[in-house]
Amino acid sequence: MPIHEKSLIRPEDLKTHEQLVVEGVDVSGHWSTFIQTRVIADYNEALEEEVAALPGAEHIHRCWQCGSCTNACTVNALNPDFNPRFWIYLVRLGMQSELLRDKDIIWQCVSCNKCTYACPRDVNPEGVMKALSHWLELKGHTPKSPSMIFDEEFSEQVIRRGRIEEGRLIQRFFKRTGQTLNQEWLVEMVRRLLRHLPLALLARLGLARLLAPRSRGWAAARAAIQDYVGAQQARQRRALGLGERLETGAADAADTTQH
Amino acid sequence: MSDDKTDKYRRVAYYPGCALEGTGHAYNRSTRQVGKALGLDLVEVSDWNCCGAMEVKNIDPKIQTYLSSRVMSIAANRMGMDVVMAPCNGCYHNLKKAEYDLAHDPASAEVVGRLSAKAGHDAYRAGQVETIHALDWIKAAIGEEGLRQRVRNGLKGLRVANYYGCMYTRPRHIFPEKDAGPGSESTFEPHFMDDLLAAAGALNVEFPLKTACCGGAHTLSDSDTSTKLVLNILRAAETAGAEVIATECPTCHSGLEMHQIRADRKFGHKTQVKIIYFTQLLGLALGLTARQLGLHENVSDSLELLAAKGLT
Ligand code: SF4
Ligand code: SF4
C-alpha cells in the first residue's frame, strides 16, 4: 500500500497564485502551488538523546524511515495525523516545535505492536511511542494522559499488593479522571451482567471488592520494586535535565498507612 | 505435534492471572471444566502475582519482567513444574516476553536477579519452564483427532469467527516456536483456535480481522478509539457470516462485549454477533452444561442462540 503523507505539508505553508502567467504560460491557481520556504531556528539538539534515555526508545537511532510502522499502524488507520515514522524523524532531527504540534495525540498508541512486527530495523516503535508520551509529560508539554493515569493506578495496586482487583481499579480511575460511573452504556453493561448471575457469585465478587486480593509474602517484593522504580525515575529525570522529585515514594507512604 | 508434548502437557502449572479472577471468571471456569472433561491436570501456581498486564511496562519494563519472572520462578523452583499454561493473552505474552528478555538481555537478567534476592526467592533463569497458551495446551495434549473422538454434542456447524487479538502473536520474536513449519502456529494467520473449534463441529468463517487490535490498552482511557476498533471487528465478523466470535483472551473478550454495548448505546450502531470464549464452545461440544461453563456470566447473551441451535 502506498503511503500518502502529502498531508504533512501544512496548509499555511502552501502558496498559490490566483493569477500568474510565467513566460506566456498560464499557471494560475493549482498550477502555481509552491511550498513556502521555512527557517527553523529552534532545534533541540538533545531531543533524540533525551527520548532514547526513556525505556522503550533505546533503539530509535536504528530507524531508516521506511514507513512500515505507519503503514501497519492501527491508530493511523483511524487518524492519518498519527504517524510514528514522522515523529521518529522529527525526534532524530531535533525538530521539537514540529513534534509539539502533535503532542495531544501521541499517547493514543494502543500498543498493538503491529509496528514492531513490521519494523525491519528492530526499532520497537511501540516503545518509542510510550517513551515519547512520557517525555512530553515529564517536560510539562502535556498534562498526564488518561492512559498514564490508568497505568499509574494499575501499577500502584500491583506493587502494593501483587494483584489487581478490577472493580477497585476502575472506580479509582474514573475518580481521578473526573468521570462519572453513571454513564448509560456502563449501566446497561452492568444490567446485562447481572441478568443471569447467581447470588452466590455476586456475593463472591462483592467480597473481592472488600477483601482486596493480595499475594502472600509480598512485602519483600514490594520493597525491592519500590527501591528500583525510585532509582530509575531519578535517573530518567536527570537524563532529561529535570530536578529530583520523590513523588512515588510519597504516594507509596500514603498507601501503606491506608492499608 | 510430537508425542513428548502430548505427555508433557497433560499436567501443567496453571497461571490464571488477575482478569480470570474478575471479569474473566467465566474463562477461568470453562478452562478448568474443559481440562477436567479432557482428563488434563491443572495445578495452580501457588501464591502467584500479577504479570504487569499492559500497564506496568509503561512505568518500567524491567519491573514487568520481574513480575512475570516471579510467577515462572514459583512454578519451576517451588513447584518443580516445567510447563506454565496461561489462558490470558496478556499473561501469556508477558511471560514469553520475560523469557525472551532474560535469555537475550543481560541487563534484564541482572535486575531480575537483584530483585529476586531482595524479595527472598530464587531468581528465574531462562529455559527453566516453557510457557504455553490454553490453545497450545489442548492442541498438543489432546489434538484435533482426540477432540473429535471425545465430542458428544458437536457444534452443528455454528458459524464462528475466531478472534486472536494482538498479544498472542506480536511481536514475533518472543514466540520462537511459532512460524516454525508444518503443525506450528502462525503469527501472520493464527489457526489453533480454528483447528480446535472445527474439530468440535463449528464452521469457521473466512474472517480477515483475526489479529486486529480491539484497543484493549485504552478501553477505558480512550473509549471512543476502542469502540471504533471493536465495531470494525464486530462488523467484519457479521459480514463474514459469523453468528459467534470466539475469543481466547479475557481483555479482548470483555472489550468486545463492552464496546458492542457502547457502540449501540452511544453511537447507535447495533450488532448481533455473540461473543463466547473458545473454552465455552469446546465445553458445550464435550457435553458440559451452559451453567458449568459460565455462559450465563457473559455480558453478551448467547443462551437463546445456543438453545435454538440445540447446543445447550
Ligand atoms: S503499537 Fe501504537 S504505534 Fe505501533 S502500530 Fe500499534 S497503535 Fe500504531
Ligand atoms: S518501521 Fe522501523 S525502520 Fe521503518 S520507519 Fe518505522 S521505526 Fe523506522
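The legends below describe close-up views of a predicted model.

**View 1. Helix 4 of chain B and the residues at its two ends.** Helix 4 of chain B runs over residues 61-78, and its 18 residues reach 25 Å from the first C-alpha to the last, close to the 26 Å expected at 1.5 Å a residue. Of these 18 residues, 14 are buried, so helix 4 of chain B is largely enclosed by the rest of the structure. At the start of the helix, the backbone nitrogen of B:Lys62 has a side-chain oxygen of B:Asp60 within 2.9 Å. Just after the helix, B:Gly80 adopts a positive phi of about 65 degrees.

**View 2. The packing of helix 5 against helix 6 in chain B.** Helix 5 (residues 89-104) and helix 6 (residues 106-119) of chain B pack with their axes 5 Å apart and at an angle of about 105 degrees. Because angles of 65 to 115 degrees count as roughly perpendicular, the two helices of chain B are described as roughly perpendicular to each other. Helix 5 of chain B contributes B:Asp101, B:Leu102 and B:His104 to the contact, while helix 6 of chain B contributes B:Pro106, B:Ser108, B:Ala109 and B:Val112. By character, the residues of this contact between helix 5 and helix 6 of chain B comprise four nonpolar, two polar and one charged.

**View 3. The surroundings of A:Asn44 in a loop of chain A.** A:Asn44 is placed in the loop between strand 4 (29-35) and helix 1 (47-52) of chain A. Its relative accessibility is 18%, and A:Asn44 therefore counts as buried, the limit for that class being under 20%. A polar contact of 2.5 Å joins the side chain of A:Asn44 to the side chain of A:Gln96. When residues up to four places away in sequence are not counted, A:Asn44 touches A:Glu50, A:Gly94, A:Gln96 and A:Trp135.

**View 4. The cis peptide bond that leads into B:Pro171.** The peptide bond from B:Arg170 to B:Pro171 is cis, and its omega is near -10 degrees. B:Pro171 belongs to the loop between strand 5 (159-163) and helix 9 (192-199) of chain B. For comparison, most peptide bonds are trans.

**View 5. Positive phi at A:Gln65 and at A:Ser111.** Most residues other than glycine have a negative phi. A:Gln65, although not a glycine, has a positive phi of about 65 degrees, and A:Ser111, although not a glycine, has a positive phi of about 55 degrees. A:Gln65 is found in the loop between helix 1 and helix 2 (68-72) of chain A, whereas A:Ser111 is found in the loop between helix 5 (96-100) and helix 6 (114-118) of chain A. With a relative accessible area of 26%, A:Gln65 is partly exposed, while A:Ser111, at 4% relative accessibility, counts as buried.

**View 6. A:Thr16 in strand 1 of chain A.** A:Thr16 is part of strand 1 of chain A, which covers residues 14-17, and is partly exposed, with a relative accessible area of 43%. Leaving aside residues up to four places away in sequence, A:Thr16 touches A:Gly29, A:His30, A:Ser32 and A:Thr33. A:Arg214 is 198 residues apart from A:Thr16 along the chain, and the C-alpha atoms of A:Thr16 and A:Arg214 are separated by 65 Å.

Note on methods: Residues numbered from 1 in each chain as written. Chains lettered and ligands numbered in written order. Predicted model: local features only at pLDDT ≥ 70, side-chain atom pairs only at ≥ 80, totals over all residues. Heavy atoms only, no water. Helix = DSSP H or I, 4+ residues; strand = E, 2+ residues; numbered from the N terminus. Expected span 1.5 Å × (residues − 1). Buried < 20%, exposed > 50% of the residue type's maximum accessible area, 1.4 Å probe, protein only. Polar contact = N/O pair within 3.5 Å; in protein donor to acceptor, adjacent residues only side chain to side chain. Axes fitted to C-alpha atoms, helices over the stretch in contact; angles between N-to-C directions. Parallel < 35°, antiparallel > 145°, perpendicular 65-115°, else oblique. Contact = heavy atoms within 4.5 Å. Nonpolar A, V, L, I, M, F, W, Y, C, P; charged D, E, K, R; others polar.
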